[in-house]
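Visitor: I am new to this structure. Please take me through one part of it closely, and then show me how that part sits in the rest.

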Amino acid sequence: MLRSPAGAAAFVLVSALLLASCNQFFSVNLFQQAGLGQQSTPSASALATMSVSDLQSLAESPSFYTDLSNDATKKGAVFTNLQGAYSSPSNSVSTIQSAAALYADVQLNTTDGAAIVAGLVSAAATTNISGLGQSTIVSFIKATLPADVLADSTGTKFAQAVDAILAAKPAYDAIGATIQTSGWTGGTSTIGDVAQGALLAYALAGTATSNGPAGGPPNVTDLWTMINGTGSATVTSFTTPNSSNLSAILTAAHSPYTF
C-alpha cells in the first residue's frame, strides 16, 4: 500500500516518538498500573525472608494487599519479616524506617484502616485535633469513618481497622525514635502518610473506655457502641498523645497538628 508523503512523515514521527518513549513506558510500567500482567504474591516462606526493598517492590502492586488480605499465613510472614527488620538496631536507619512504614501500610491497607486514616483530614475540619480530649475523641473518630464502615451494623470492619491502626503504633514508635536521632530518610511511604497514621494510632492508644484497660487503648466494642449512640459505655480518660516519637514524626512532616 502506497502512503502519501504526509502520511509517511506522520508514520515516521509516531514511530520515533514510540521508540523515544520506550524507556519511560517500561519504567512507569503502565501494565502494572492497570493491574495487568502482574506476578502473583510469593509464598509465605519466600515472603518471610525477602529484603525490605523487595517487599516494597511487591507493595507497588495493588494486588499485593489484596493477596495478603485473603491469606493470613502470607500476611503473618510479611509482618514477622518487617517487624524483625524495624526492630533490629544493626540495620540502617533507612531500612528501619522503610520496614516500619511498610509494616504500618500493610496493617492499614489490608483493613479499612487506610480509609479511616484518610478521613482524618476531613475530621480535622470539625474538630480541633490539638485540643482533643475525653469529651471529643469519640466524635472525632466517628468523623474519620467512611460510609461503608459506618454502615456495617456488625462493627466488624470498624473493629478490624481499629485493631490494625493500634497494631501499627510500635512501627510508628520506631520511625519516631530514628527521626529524633537521624531525621527522615525517605522511602516509598511519604512522611505525610506516616504522620496521619501515627496521629490516629497515638490518639486511639490514649483512649480508655469503660470495659478496657485503664489508660487505654479502648475496648473496641465500647467505642463502636458510643459511635452509634447505644449502650452505656463511656470514655473514662484520654491521655494527650504528646510522645516525643509522635512529635518527631509530626515535625518532620511539617504537620499543622501539635500536642
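Which residues does Ile175 touch, not counting residues up to four places away in sequence?

Guide: Keep in mind that this is a predicted model. Ile175 touches six named partners here: Gln97, Ala100, Ala101, Trp184, Val194 and Ile249, with residues up to four places away in sequence left out. Ile175 itself lies in helix H14, which runs over residues 169–182. Is it buried or exposed? Ile175 counts as buried, because its relative accessibility is 0% and the cut-off for buried is under 20%.

Now look along the chain. Ile175 and Ser98 are 77 residues apart in sequence. In space, their C-alpha atoms are 8.6 Å apart. Such long links can be set beside a figure for the protein. Take the contacts between residues at least 6 apart in sequence: 70% of them join residues at least 24 apart.

One partner of Ile175 leads further in. Ile249 is touched by Ile175. Ile249 is also among the residues that touch the most other members of the largest nonpolar core. Ile137, Phe140, Phe158 and Tyr172 share that role. This core holds 69 residues. Helix H15, residues 191–205, supplies the largest share of the core, 10 residues.

Follow Phe158 next. Leaving out residues up to four places away in sequence, Phe158 touches Ile141, Leu145, Val149, Val220, Leu223, Trp224 and Ile227. Phe158 also helps line the largest cavity. Ile141 and Leu145 are in that lining too. The other lining residues are Ile116, Thr144, Val162, Ile165, Leu200 and Leu204. Helices H11 (137–144), H13 (156–167) and H15 each give two or more residues to the lining. H13 gives the most, with three. By type, the lining has eight nonpolar residues, one polar and no charged. The volume of this cavity is about 30 Å³. A search of the whole structure finds one cavity of 30 Å³ or more.

Step back to the whole protein. Its secondary structure comes to 17 helices and two strands. There are 259 residues, and buried ones make up 41% of them. The exposed surface is about 12700 Å². Carbon and sulfur atoms supply 57% of that surface.

Terms used
Residues numbered from 1 in each chain as written. Predicted model: local features only at pLDDT ≥ 70, side-chain atom pairs only at ≥ 80, totals over all residues. Heavy atoms only, no water. Core = buried A, V, L, I, M, F, W, Y, C linked by side-chain atoms within 4.5 Å. Buried < 20%, exposed > 50% of the residue type's maximum accessible area, 1.4 Å probe, protein only. Helix = DSSP H or I, 4+ residues; strand = E, 2+ residues; numbered from the N terminus. Contact = heavy atoms within 4.5 Å. Areas by Shrake-Rupley, 256 points an atom, 1.4 Å probe, with all protein chains shown as cover. 1 Å grid on protein atoms, 1.4 Å probe; cavity = no way out; pocket = protein on both sides within 12 Å on 5 of 7 lines; lining within 4 Å. Points joined across faces, edges and corners; volume = space filled by probe spheres on them. Nonpolar A, V, L, I, M, F, W, Y, C, P; charged D, E, K, R; others polar.
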